[in-house]
Amino acid sequence: MAGVESSKTRQVYLVLRDRIAGGRLDNTESLPAEQALAVEYGVSRVTVRRALAELELEGLISRRRGAGTFVRGGVAKPIVADFSDVMANLVAMGRDTAVRLLAFSYREPPAAIAEALRLPPGAKTQFSVRVRLIDDKPFSHLTTFVPEQIGVTYTEADLAARPLLSLLERSGVQIERATQQVTAVLASPEVAAALEVDVGSALLGTTRTVFAADGSGVEHLIALYRPDRYALQMDMVRTEAAGVRRWATVLASEPNDTISRKAS
């Protein structure tokens with residue numbers, strides 16, 4: 001029964017948070033009374049009270065005894081990464097955010113990751129887990145595997161202070177290309193604790209393998225993002241070839257005078 005009630009609290013919290021984020025509630029408005037919200041969403045007043053408590057903890061509302069509940073400020077806009085130039089974006093983003101290093105060691109990677117990096121049998125990788133923060137709030141959980149011979153060119157302190165891509169390039173690696181997959185992932189207990197979300201929360205997941213000019217793999221990244229604090233964006237234009245019309249991605253180096261669309 002407690003689980004059902006907790007689920008209802010989460011639903012009311014998310015709906016109200018979405019209304020604030022979407023500008024449908026602003027600083028000039030007070031929220032409806034608890035009883036009115038309970039009737040509107042078909043839940044108990046206790047459920048509404050718990051949802052409001054969560055919003056208050058986030059600093060989104062203030063409750064004044066005898067006056068009502070008021071919106072304090074909008075939800076912070078997520079970091080938006082250009083999908084067509086993710087590599088440059090990540091380096092720039094690294095200069096504007098902070099890092100918390102959770103793990104750092106050398107080990108043999110799982111077979112699938114060794115294959116993705118094109119490593120010989122028995123080869124070791126530098127393994128690290130980082131949480132990246134903006135405004136002291138976590139938004140990404142990053143697990144990386146880097147071939148040992150590259151990993152030894154920088155220290156644990158370097159990794160906690162500088163973007164990994166810049167460290168790879170500093171080591172002399174000439175990065176040429178990368179493959180990336182994007183999907184939805186549910187937060188495990190460990191990741192949920194690091195990102196300060198509920199276990200089972202939906203996250204934006206990307207898996208990226210970076211290759212050097214000689215074709216060797218230099219980094220395998222598993223990145224999990226809070227969707228309320230991170231989004232992918234791409235610019236597209238309508239093109240036609242052989243009588244077939246389709247959407248084409250605008251390269252980051254091209255003039256950007258098209259409509260921006262957030263990747264969903």
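Strands β7 and β8 pair in the antiparallel sense, over 11 bridges. This is a predicted model, and I will start from that pair and work outwards. One place to look is R177, which stands opposite F211 in β8.

Stay with β8 for a moment. Strand β8 covers residues 202-212, and 9 of its 11 residues are buried, so the strand is largely enclosed by the rest of the structure. Its pairing with β9, residues 217-225, is antiparallel as well, with 8 bridges. F211 comes up again here: its bridge partner in β9 is G217. So much for the pairing; now the turn. β8 and β9 form a hairpin with 4 residues between them. In that turn, G215 has a positive phi of about 90°.

Now the sheet these strands belong to. In what order do the strands of the open sheet run? The order is β4-β5-β6-β9-β8-β7, 6 strands with antiparallel pairing. The edges are β4, residues 98-107, and β7, residues 175-186; each has a single partner strand, so one side of each is left without a neighbour in the sheet. On average, and ignoring direction, neighbouring strands in this sheet are turned by 15° against each other.

At the β4 edge, the partner is β5, residues 125-134, and the two strands pair in the antiparallel sense over 9 bridges. If you want a residue to find there, take S105, whose bridge partner in β5 is F127.

There is another hairpin to show, formed by β1 and β2 with 3 residues between them. Strand β1 is residues 61-64 and strand β2 is residues 68-71; they run antiparallel and are joined by 4 bridges. R63 has T69 in β2 as its bridge partner. In the turn, G66 has a positive phi of about 85°.

Next, helix α2, residues 34-41. Which residues of this helix are buried? Among them are E34, L37 and A38. They cover an arc of only 105° around the axis, which puts them on the same side of α2. Just after the helix, G42 takes a positive phi of about 65°.

That brings me to the charged pairs. The count comes to 8 salt bridges, and I will go through some of them.

E34, from the helix we just saw, meets R49 in a salt bridge through their side chains, at 3.0 Å from N to O. This pair links distant parts of the chain, with E34 in helix α2 and R49 in helix α3, residues 45-57, the two being 15 residues apart. Is each partner buried or partly exposed? E34 counts as buried, at 18% relative accessibility. R49 counts as partly exposed, at 35%.

Then there is D228. Its side chain meets that of R17 in a salt bridge, 3.5 Å from N to O. This pair also links distant parts of the chain: D228 sits in the loop between β9 and β10, residues 230-241, while R17 is in helix α1, residues 2-21, and 211 residues separate them. R17 is buried, with a relative accessible area of 13%.

D228 also forms a salt bridge with R226, where the closest N and O atoms are 2.7 Å apart. R226 is buried too, with a relative accessible area of 7%. Put together, R17, R226 and D228 are linked in a network of salt bridges.

That is where I will stop.

Terms used
Residues numbered from 1 in each chain as written. Predicted model: local features only at pLDDT ≥ 70, side-chain atom pairs only at ≥ 80, totals over all residues. Heavy atoms only, no water. Pairing = 2+ DSSP bridges. Axes fitted to C-alpha atoms, helices over the stretch in contact; angles between N-to-C directions. Buried < 20%, exposed > 50% of the residue type's maximum accessible area, 1.4 Å probe, protein only. Arc of directions from axis to C-beta. Salt bridge = Lys/Arg side-chain N within 4 Å of Asp/Glu carboxyl O.
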